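Student: Could you walk me through how to read a contact between two chains? I'd like the general idea each time, then the case at hand.

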There are 2 protein chains.
Amino acid sequence: MADAAAEKSADKTPRTARGRKTQRALLDAAEAEFGERGFHESSIVSITKRAGVALGTFYTYFDSKDALFRALVRDMSGRVKDAVAPAIAGIEDPVGREGAALEAFLGFARDHKEIYRIIDEAEFVAPDSWREHYERTAARILERLQEAAAEGAISGPIDEVHAWALMGMNVFLGLKFGVMDEDRPVGEVARIANALIAKGLAR
Amino acid sequence: MADAAAEKSADKTPRTARGRKTQRALLDAAEAEFGERGFHESSIVSITKRAGVALGTFYTYFDSKDALFRALVRDMSGRVKDAVAPAIAGIEDPVGREGAALEAFLGFARDHKEIYRIIDEAEFVAPDSWREHYERTAARILERLQEAAAEGAISGPIDEVHAWALMGMNVFLGLKFGVMDEDRPVGEVARIANALIAKGLAR
């Protein structure tokens with residue numbers, strides 16, 4: 001059912017620049033609204049008001065509040081990816097690359113604190129989107145590490161366990177040092193965590 | 001308010017073995033009910049039925065569904081701690097100790113899959129209990145690692161970043177290999193993750 005709904009929403013992909021701008025305004029308004037009030041207390045009326053879009057226009061872009069929420073989870077998941085990609089492009093050292101990915105993610109989390117509330121609420125409101133977000137993120141980390149291990153640049157063999165371990169580390173460091181506390185510089189947090197995955201704790 | 005409520009519930013601590021047994025039955029029923037149906041769809045009536053306890057008796061132990069939920073988060077948090085403690089007692093090597101802690105936690109997560117849904121929902125239903133759970137867990141890891149670093153058994157300095165990184169790793173490995181997939185032996189998952197925190201990925 002979720003797949004069918006996703007496909008139906010995909011049919012609503014805007015074809016003009018103006019349409020894309022309106023869709024973007026609705027997603028940004030949804031980010032603020034869902035982040036602030038949570039899914040159940042949020043309303044389409046309030047989201048369209050925030051976006052400065054007529055209520056009727058909403059349905060040109062999304063079928064329902066539920067479809068908008070799922071689109072937002074996919075959108076934020078993609079924006080995390082897009083925030084990390086340029087930060088790691090051209091970094092040859094694979095461990096340093098993961099450190100740069102973490103630093104970029106911490107910066108993103110600080111600028112978009114709503115992301116935690118939204119992705120975390122997806123576990124209950126849109127569990128398939130929630131699971132997809134983590135599976136895709138883990139798959140990207142796994143691919144980077146397996147390539148590096150194949151080139152002999154890190155010690156292998158690399159396993160899904162490594163990918164989920166690094167992702168969990170990043171998610172919780174983002175929660176602690178991106179959302180809860182803002183006093184530690186993100187570069188410092190990333191450097192300490194990166195030294196851990198570089199050399200470990202053993203003497 | 002949450003503190004006042006917690007204190008009030010604390011006053012309801014049963015003083016007899018029979019009272020403790022009834023309270024335990026209510027917590028176990030709550031674990032099943034909240035884990036299955038989520039907080040909003042769960043009811044005191046249904047929880048007392050599951051527990052085989054008269055509805056009126058409920059209020060001898062808890063003030064409200066909300067108070068029960070908060071007590072359950074504290075209870076599960078304590079049970080994770082109690083599941084890990086004997087598994088790491090007497091392990092001298094501090095890195096191996098963290099691996100044993102992870103293995104014990106993975107086993108607990110497999111046996112109590114509801115824990116994720118309950119702790120994760122606490123972010124929305126009982127945010128103070130949710131935060132307390134993670135802060136206490138991180139504090140325990142930090143204490144273990146700082147002691148080991150002070151003894152020169154692992155390379156320091158140890159920082160909150162290490163504690164949150166390890167906790168995040170454990171939480172996501174529990175989600176993936178405790179709750180989502182059951183085919184990997186927990187010992188194997190713990191061994192791979194532990195090698196990562198022992199020696200890191202660098203060649």
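Tutor: Let's take the chain contact and then the aromatic rings. This is a predicted model, where local features need pLDDT of at least 70 and side-chain atom pairs count only at pLDDT 80 or more, while totals for chains, interfaces and linings use all residues. Residues are numbered from 1 along each chain as its sequence is written, chains are lettered from A and ligands numbered from 1 in the order in which they are written, and side-chain values use heavy atoms, with hydrogens and water left out.

Student: How many residues does each chain bring to the contact?

Tutor: Contact means heavy atoms within 4.5 Å. Here chain A brings 46 residues and chain B brings 46 residues.

Student: And how much area gets buried between chain A and chain B?

Tutor: Buried area is the accessible area (1.4 Å probe) that two parts lose on being put together, summed over both. For chain A and chain B that comes to about 4,200 Å², with carbon and sulfur atoms giving 71%. On the chain A side, A:W164, A:F172 and A:L201 lose the most area to chain B, together 18% of what that side buries.

Student: What about charges: how many salt bridges are there between chain A and chain B?

Tutor: Look for a side-chain nitrogen of Lys or Arg within 4 Å of a carboxyl oxygen of Asp or Glu. There are four salt bridges between the two chains. One of them joins the side chains of A:D159 and B:R184, at 2.8 Å from N to O.

Student: Which helix gives the most to the side of chain A that touches chain B?

Tutor: Helices here are DSSP runs (H or I, at least four residues), numbered from the N terminus. The answer is α9(A), with 16 residues.

Student: Now the rings. What describes a pair of aromatic rings?

Tutor: The distance of the centres and the angle of the planes. Rings of Phe, Tyr and Trp (its six-membered ring) pair if their centres lie within 6.5 Å; planes under 30 degrees apart are stacked, over 60 edge-to-face, and the rest tilted. The whole structure holds 19 aromatic pairs over all chains. A:F34 and A:F39 are stacked, 5.7 Å centre to centre with 20° between the planes. A:W164 and B:F172 are tilted, at 6.5 Å and 35°. That pair crosses between chains, from helix α9 of chain A to helix α9 (residues 160-180) of chain B.

Student: Why does A:W164 count as buried?

Tutor: Buried means under 20% relative accessible area, exposed over 50%, partly exposed in between (1.4 Å probe, protein chains only). A:W164 counts as buried because its relative accessibility is 2%. B:F172 is buried too, at 5%.

Key: Helix = DSSP H or I, 4+ residues; strand = E, 2+ residues; numbered from the N terminus.
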